[in-house]
2 protein chains.
Amino acid sequence: MEVTGHMPNQDAPRSRSASIWDVARVAGVSQQTVSRVINGKARVSEETRVKVLQVIEEMGYRPNKLARALAGGPVRSVTVLTSDTSLYGAAATLRGMEEAARTAGFSVGISVLEPGSGQRDVAERLNRPGEAVMVIAFDAAGVRALGALPPDVPVAAAVERRPDIETKNPWQVWLDDRAAAAHATRYLLSLGHPTVHYLAIPSSTSELPQRTQGWMDALRAAERPVPEPLHGGWSPRSGYLAVRDLVADPSVTAILCGNDDLALGVMRAAREAGRDIPGDLSVVGFDDSPPAAYLNPSLTTVRLDFQGLGRACFNLLHRRLDPHTAPAVPAWSEPELIVRESSGPAPRSTG
Amino acid sequence: MEVTGHMPNQDAPRSRSASIWDVARVAGVSQQTVSRVINGKARVSEETRVKVLQVIEEMGYRPNKLARALAGGPVRSVTVLTSDTSLYGAAATLRGMEEAARTAGFSVGISVLEPGSGQRDVAERLNRPGEAVMVIAFDAAGVRALGALPPDVPVAAAVERRPDIETKNPWQVWLDDRAAAAHATRYLLSLGHPTVHYLAIPSSTSELPQRTQGWMDALRAAERPVPEPLHGGWSPRSGYLAVRDLVADPSVTAILCGNDDLALGVMRAAREAGRDIPGDLSVVGFDDSPPAAYLNPSLTTVRLDFQGLGRACFNLLHRRLDPHTAPAVPAWSEPELIVRESSGPAPRSTG
DNA sequence: AGTATGAATGTGATCGATAACATCTCTCTT
DNA sequence: AAGAGAGATGTTATCGATCACATTCATACT
């Protein structure tokens with residue numbers, strides 16, 4: 001059999017690993033046939049198929065994913081844009097995304113956003129035009145990146161806020177933070193606390209964050225005073241600093257925190273102020289991060305299914321990429337209040 | 001100017017984004033010249049250079065990284081192989097790697113290893129032959145993956161164990177767990193504890209893990225009894241379960257834990273057994289994970305510079321890839337014992 | 001028997017870049 | 001003034017895959 005045309009140099013020293021051409025040569029077929037076998041697309045005779053697969057096995061051939069993508073093959077990679085991966089929420093979401101993507105045969109790239117990343121910067125991170133992207137947009141940097149993405153990139157995002165009916169973007173997933181915060185607040189009120197204070201995490205937008213809104217919703221519905229929300233960062237330290245003064249005030253009996261790390265800081269501040277938890281002060285967190293159940297006292301918190309959210313986000317993207325073959329987007333769990341030791345009835349002396 | 005040869009169809013509808021050819025056409029030069037400008041390699045007249053850069057700016061052209069890599073351009077991507085990213089050590093190391101890689105202009109892929117990943121499986125994850133790889137090999141899955149990597153891939157790894165002089169592999173970084181564990185053990189002995197118990201994390205090899213060895217070293221050097229080490233997993237829960245019986249024994253006054261999560265479980269078990277920390281029992285962790293300083297009591301632990309280790313690992317890889325231009329590998333911090341509230345003098349009644 | 005049909009397979013172009021080599025135009029040397 | 005050398009730039013091959021189209025051959029239908 002004569003092979004001509006685009007066939008590359010066969011006589012050059014083979015330092016690099018086997019390509020589709022090498023397999024074709026050994027198997028005595030054309031590279032196109034090898035390609036067909038690999039992708040299982042067009043019809044290939046059983047005999048040829050077996051032969052080619054055998055040669056592939058023998059030579060340890062692996063298709064070069066770069067070349068495949070370049071040639072317009074099916075997209076098999078995603079880049080995740082996220083900011084701080086040390087935060088539990090982002091990390092767990094990322095884990096869900098990675099797991100789902102890997103299961104579906106996608107390779108995943110990760111690119112961490114700096115607080116100051118600009119538009120240019122974001123475009124720079126994509127490997128090629130048309131690269132599929134997922135964005136973890138729980139904070140300002142993520143939201144900005146999502147906005148800075150060129151319009152033609154297929155993207156799915158995990159966001160803080162449920163989209164308006166108006167601006168409804170079908171390629172987003174979210175957790176119902178607002179309802180969850182309201183639920184946690186109602187729970188505290190039901191224990192007899194006159195009101196609930198709120199220590200917020202930084203917002204992803206200029207609007208009032210969902211968790212803050214939910215908290216206000218519940219207080220207003222119960223016709224309770226709405227204290228000025230406090231503003232923390234993401235770390236235990238920032239929570240500690242934010243409430244050092246507040247916890248000294250004995251009329252403060254319940255604090256809802258934007259995440260578990262803040263709650264950790266709050267509990268330490270309370271301890272230092274000599275206030276017993278939950279005797280004098282109830283503390284409730286958000287996230288149900290791994291240590292929460294083992295803290296002293298163990299932390300009452302809202303469990304958020306970040307991992308499920310991440311999985312769903314990938315599946316959404318997958319459906320966007322190939323609407324016909326991709327599996328349905330799985331549901332993720334609703335937020336759930338996990339009651340532990342850090343919350344209890346309001347102290348008698350107050351009220 | 002006539003352009004012939006490999007020039008692609010110019011008249012086709014432009015749905016895809018600009019390529020080097022489009023830039024060349026608009027700027028009135030050949031694509032090779034554009035390539036030269038982008039890579040700043042060969043000499044190009046200042047006039048042409050400015051013109052081309054201007055056109056690139058106007059068209060919003062971004063080079064396709066896939067095509068570049070395929071054509072044998074400089075390698076600008078790394079894949080990180082890691083197992084469970086929910087563990088603090090692995091997550092922090094990954095963060096250090098990502099940060100260093102991004103700073104150096106590399107894009108980073110991440111691939112999470114399942115406990116059962118086989119050799120075939122690992123090869124499958126690489127995007128192309130010659131793909132650069134980093135492995136976080138703190139556990140068995142990571143070590144196995146490191147071993148399963150084809151010999152020709154440029155790899156650098158963060159490992160548990162300092163390599164023997166014999167098998168010295170220059171492309172590895174590690175933390176001196178052994179010395180750190182010995183140091184922590186000596187510290188506890190110096191507080192008057194008759195001996196120190198050890199709750200181990202799972203080992204990455206069949207040998208005795210470094211932390212276990214360091215602990216034994218110190219006990220033996222001090223001529224103290226060496227209790228049978230306990231075996232936990234990675235989670236607080238596994239620590240809790242592992243020591244539930246042990247902590248009831250009042251003669252046990254000091255426990256060193258393989259990581260902070262285990263320590264968290266141990267502290268809860270101790271609380272439930274009615275033992276005061278640090279009054280009756282001293283607990284020391286390993287890692288200095290973020291919550292450690294805010295626990296109740298705050299946790300005495302060995303701070304490990306995982307992030308610095310990750311950075312160093314990337315830099316090592318970078319030097320391996322281009323020995324001449326890559327910056328020197330930065331040092332990372334030595335393990336350091338951080339003394340907090342969870343450890344104190346041995347109780348009087350004992351000893 | 002002649003032709004339509006379709007399965008199996010091969011050929012050449014293409015994706016978007018880089019590498020190697022070729023060409024052209026100056027300037028400097030002798 | 002001719003040739004050498006160097007700078008600026010163009011041309012072709014190539015990386016490793018896929019796609020669109022062409023070709024071959026056997027079977028079925030009229």
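This passage describes the interface between chain A and chain B in a predicted model. Residues are numbered from 1 along each chain as its sequence is written, and chains are lettered from A in the order in which they are written. Local features need pLDDT of at least 70, side-chain atom pairs count only at pLDDT 80 or more, and totals for chains, interfaces and linings use all residues, while side-chain values use heavy atoms, with hydrogens and water left out.

Chain A and chain B each bring 43 residues to the contact (heavy atoms within 4.5 Å). About 4100 Å² is buried between the two chains, 53% of it from carbon and sulfur atoms; buried area is the accessible area (1.4 Å probe) that two parts lose on being put together, summed over both. Of the area that chain A buries against chain B, 19% comes from A:R62, A:L66 and A:Y294, more than from any other three residues.

Six salt bridges are counted between chain A and chain B (a side-chain nitrogen of Lys or Arg within 4 Å of a carboxyl oxygen of Asp or Glu). In the salt bridge of A:E114 with B:R102, the closest N and O atoms are 2.6 Å apart.

Among the elements of chain A, β2(A) gives the most to the side that touches chain B, with six residues; strands are DSSP runs (E, at least two residues), numbered from the N terminus. This strand pairs with β2 of chain B (residues 107–112) in the antiparallel sense over three bridges, where pairing requires that DSSP find at least two bridges between two strands. Within this pairing, A:G109 stands opposite B:G109.

Terms used: Helices (H or I, at least four residues) and strands (E, at least two) are DSSP runs, numbered from the N terminus.
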